[in-house]
Amino acid sequence: MSTIEWSGSRGVSEYPEVADERFPAFLYAYGDRYDVDVSTVGETITRQKPILYVTMEIYDKAGLDIKGGGGLGVLAGDTRRVAEDLGAPLVVVTPFYPIESHQELTHFFQVERHEAAHPDKLYRRLGGVAVRTTIDSEVPLDIYGRTLGSTRVIAVTEPHFGELYPGSNSGDHRLYQEMALGFAGYEAVRNEGLEPAFIQLNEAPTVFAAIAMLDDLCTQGMTFDEAFGTVKKKLLYTNHTLVQAVEGEFNKGQFEHMIRPNIANPEVWEWVESLFSDGDGGERLRLSLLAIELAGVKSGVSELHARVSSTNFHDAKGEAVHFEAVTNGISDKWIMRDAVELYEEMGVRDEYGLPTREYEERLEGLPIDRVRTIRMAGRREMNRILATRQDQYGNPVFIPESATAMDFKRRFAEYKRPDMIFSDPQRLAALLEQHDMHFLLTGKPHPNDEGMKRELTRLLYMIDSHNTLRERVHYVQDYDEDIGRALSVGADIAVNVPRVGEEACGTSFMKDMANFKVLVSTLDGGVADADPATCLIVEDGNAQSLYENIEKAARIVADDDALRTQLIRQLQAYAPVISGARMLGDYMKLFASQTNQR
Ligand SMILES: *Cc1c(COP(=O)(O)O)cnc(C)c1O
C-alpha cells in the first residue's frame with residue numbers, strides 16, 4: 001500500500017482537556033469496584049497511542065451517519081460511545097459504504113431499496129491511500145476522519161466500495177473490502193501519526209489491519225519474530241461467531257491476487273501462506289485462523305458464547321483455543337434519560353455508569369410511581385416515532401396508553417425464531433384480546449436469506465387472514481436503531497427466544513431491561529450470564545412455555561406490586577451485564593493482563 005496524498009486532520013487538538021483526567025479516574029473506579037489493577041493501561045493508552053478498534057460494520061446513524069446491519073455494528077457504535085463518555089482514547093477504523101440498504105414490502109414480500117450515502121456530511125477528507133492487486137498496481141481509496149471527544153473515526157471508502165455484506169462471505173468483493181479496510185486503514189492511522197497501544201479486531205475479517213502492522217514493524221527494522229511478538233502483545237481478537245465452519249474462507253488464488261501484493265516483507269507472506277490447508281477446490285484459509293494465531297488474547301461476547309467458542313475453534317495445530325468472556329454492554333443512548341437519572345439518584349450506578357457495590361440493596365427501593373411515569377413518557381416517545389414509520393399495510397402505528405405493548409425486534413433470522421409466537425395463532429389472538437395487548441414485530445431477513453423472506457410473507461398473510469391478529473399485530477417495516485430504541489422505551493414486554501446455544505450475546509434484551517420492561521426469554525447469549533436468571537424463562541423450543549410466560553408477563557405489567565418485584569429481580573441480576581462501562585473496563589482488564597505479562 002502507499003499514500004497518494006495526505007492533508008490529515010491537522011493535529012488532535014480537538015480533544016477536550018477533561019478527557020485526559022476522566023479516563024484514568026474511570027480506570028481507578030473500575031479497578032476499585034472489581035478488585036483488579038488496570039492502571040497500567042491508563043499509562044499506556046494516550047491520544048497518540050490510542051486503542052485501535054477495527055470493524056467491518058458500525059451502526060450509529062445519529063452519531064456517525066453510518067448505518068450497519070445488526071448486532072455487531074450496534075456493539076461497535078456503542079463501544080465508541082462508551083469510550084467517548086469515559087474519555088478513553090479510541091480510534092475506530094471502519095469502511096464507509098456508499099450504498100445503504102433499506103427494507104420495503106410489496107404484497108408482504110421484502111424488497112431491498114438502496115440509497116446513496118456520502119461521508120461529506122459529517123466527515124473531513126484526510127487524504128488518499130492506495131492498495132494493490134496483481135491486476136491493479138493502485139486501487140485508490142479515500143480516507144475520511146471525524147473526532148468526537150476522546151474518540152476518532154477513520155473511514156475507508158471509494159465510490160465503488162459497495163454495500164455492507166454483499167454476496168458470499170467468501171467472494172472476491174468481500175475480500176477486497178476486508179483487505180482495503182485493513183491495509184489502507186492501518187496506513188491512514190500511521191499517516192495521522194498514531195501508534196496503537198492496543199488493537200481490537202471486531203471479528204476476524206478485520207485481521208488485515210494486524211497483518212499490515214506486522215509488515216510495517218518488519219519494514220521498520222524488527223526481525224519477524226520481534227514484530228510477531230509485538231503485535232501479539234497488543235492484539236485482541238473478539239469473536240462473534242459460534243462455529244468456525246460457518247465463516248467465509250478464501251483460496252490461495254484470492255490471497256495471491258489481493259493480499260500478497262500489499263505485503264512488503266517475504267517472511268510475513270511466508271507466514272500467511274503456511275496457514276493454508278487443503279479443502280474443497282484447493283488450499284483455503286479462514287480469517288479466524290489468522291486472527292487466532294496473531295492475537296495474544298481472544299474473547300467471546302457472553303459467558304456462554306466464550307465457552308462454546310472455546311470448544312468450537314481450533315488453532316493451526318488443531319488445538320482448542322481459549323476465549324475470555326467479555327459480555328456486551330450498551331451505551332446510554334438506548335436508555336430513557338429519566339431512567340439513567342433515577343439509577344444515579346438511587347445509587348444503583350455511579351458517575352461512570354458502573355453498578356455500585358451496593359446496587360442490589362439500592363434497587364430494593366425502586367419507586368414504582370417514578371417507573372410508571374418514565375414508562376408513560378416512553379410510550380409517548382414510541383408513538384411519536386412509530387407515527388413516522390409504516391406497518392405491513394403502509395400505515396403508521398399508534399398504541400393507546402391504556403393498552404399493553406409486547407415486542408419482538410431483531411434480525412429475522414431462523415435461529416431467533418420469529419415464527420414461534422405464531423405457532424398457535426388462536427392462542428396468541430386470545431392472549432392479545434384478554435389483556436388488551438398489541439404485538440409489535442420488526443426485523444429484516446438477510447437479503448440472501450430466501451427462506452426467511454418467504455417465512456415473513458407467510459406470516460404476514462396469516463396475520464392478515466385473522467381478524468384479531470390483523471388488528472393487534474403490527475409489523476414495523478425497515479427495522480433500524482430508531483425503531484429499536486422506540487420499542488425499548490415504549491413497549492412493556494419483550495420476547496427473545498433464540499434457539500439455545502446459537503445467540504452470541506444479543507443486546508436488545510439489555511435495552512429492554514434498562515427501560516423497565518419485562519423480559520420473556522430463552523436462556524441464551526447474555527441472558528444466560530446471570531445465575532440465577534430472573535427474567536421469565538421460556539423452555540427452549542417450547543411454544544407452550546412461551547405462551548404461559550407471556551400470560552404471566554401481562555399479569556405482572558398490570559399490577560404495581562408484581563411489576564415492581566419483577567423489575568427489581570431483573571435488574572439485580574442484570575445491571576452489571578447491561579453496563580457499557582463494565583464492558584469497556586473488562587476489555588481494559590484483558591489489555592492489562594497483556595502488558596503485565598512478560
Ligand atoms: C440493538 C439492535 C440490534 C442488536 O440486537 P440483538 O439481536 O439483540 O443482538 C440489532 N439491530 C438494531 C437496529 C438494534 O437496535
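Colleague: What volume does the second largest pocket have?

Modeller: In this predicted model, the second largest pocket comes to a volume of about 560 Å³. Its lining is made of 29 residues, and those closest to its centre are Ser331, Asp332, Ile335, Val340 and Arg349.

Colleague: And which helices supply at least two residues of that lining?

Modeller: Helix H4 (71-85), helix H12 (337-346), helix H21 (560-578) and H22 each supply at least two residues to the lining of the second largest pocket, and the largest share comes from H12, with five residues.

Colleague: How does the lining divide into nonpolar, polar and charged?

Modeller: For the second largest pocket, 15 of the lining residues are nonpolar, four are polar and 10 are charged.

Colleague: Switching to enclosed space, how many cavities of 30 Å³ or more are there?

Modeller: The count comes to one cavity of 30 Å³ or more, and the volume of the largest cavity is about 30 Å³. Its lining consists of Ile51, Tyr53, Thr79, Leu90, Gln200, Leu584, Tyr587, Met588 and Phe591.

Colleague: Which elements give two or more residues there?

Modeller: Those elements are S2 and H22, and H22 gives the most to the lining of the largest cavity, with four residues. By class, that lining has seven nonpolar and two polar residues, with no charged ones.

Colleague: H22 has come up for both the pocket and the cavity, so where does helix H22 pack?

Modeller: Let me set out the sheet before coming to the helix. An open sheet of 10 strands with mixed pairing runs in the order S1-S6-S7-S8-S3-S2-S9-S10-S14-S15, and its edge strands, S1 (2-6) and S15 (324-325), each pair on one side only. Within the sheet, strand S3 (residues 90-95) and strand S8 (residues 151-157) pair in the parallel sense over six bridges, and leucine 90 has threonine 151 in S8 as its bridge partner. Helix H7 (residues 224-234) packs on this sheet, where H7 touches strand S9 (198-202) and strand S10 (235-238), and its direction makes about 55° with that of S10. Helix H22 (residues 580-596) also packs on the sheet, touching strand S2 (51-55), S9, S10, strand S14 (297-300) and S15, with its direction at about 130° to that of S9.

Colleague: What about the sheet of six strands, in which order do they come?

Modeller: That open sheet has the order S18-S17-S16-S19-S20-S21, and its pairing is parallel. Strand S18 (473-476) and strand S21 (536-537) each have a single partner strand, so one side of each is left without a neighbour in the sheet.

Colleague: How many bridges join S16 and S17, and what packs there?

Modeller: Strand S16 (residues 404-409) pairs with strand S17 (residues 437-442) in the parallel sense over six bridges, and the bridge partner of methionine 406 in S17 is phenylalanine 439. Helix H15 (residues 425-434) packs on this sheet and touches S16, S17 and S18, its direction making about 125° with that of S17.

Colleague: Last topic, what radius of gyration does the protein have?

Modeller: The protein has a radius of gyration of 24 Å, which agrees with a compact globule, because one with 598 residues would have a value near 25 Å. Taken along the principal axes, the C-alpha atoms fill a box of roughly 75 × 55 × 45 Å, and the protein has 22 helices and 21 strands.

Terms used. Residues numbered from 1 in each chain as written. Predicted model: local features only at pLDDT ≥ 70, side-chain atom pairs only at ≥ 80, totals over all residues. Heavy atoms only, no water. Pairing = 2+ DSSP bridges. Contact = heavy atoms within 4.5 Å. Axes fitted to C-alpha atoms, helices over the stretch in contact; angles between N-to-C directions. 1 Å grid on protein atoms, 1.4 Å probe; cavity = no way out; pocket = protein on both sides within 12 Å on 5 of 7 lines; lining within 4 Å. Points joined across faces, edges and corners; volume = space filled by probe spheres on them. Nonpolar A, V, L, I, M, F, W, Y, C, P; charged D, E, K, R; others polar. Rg over C-alpha atoms; globule rule 2.2 N^0.38 Å.
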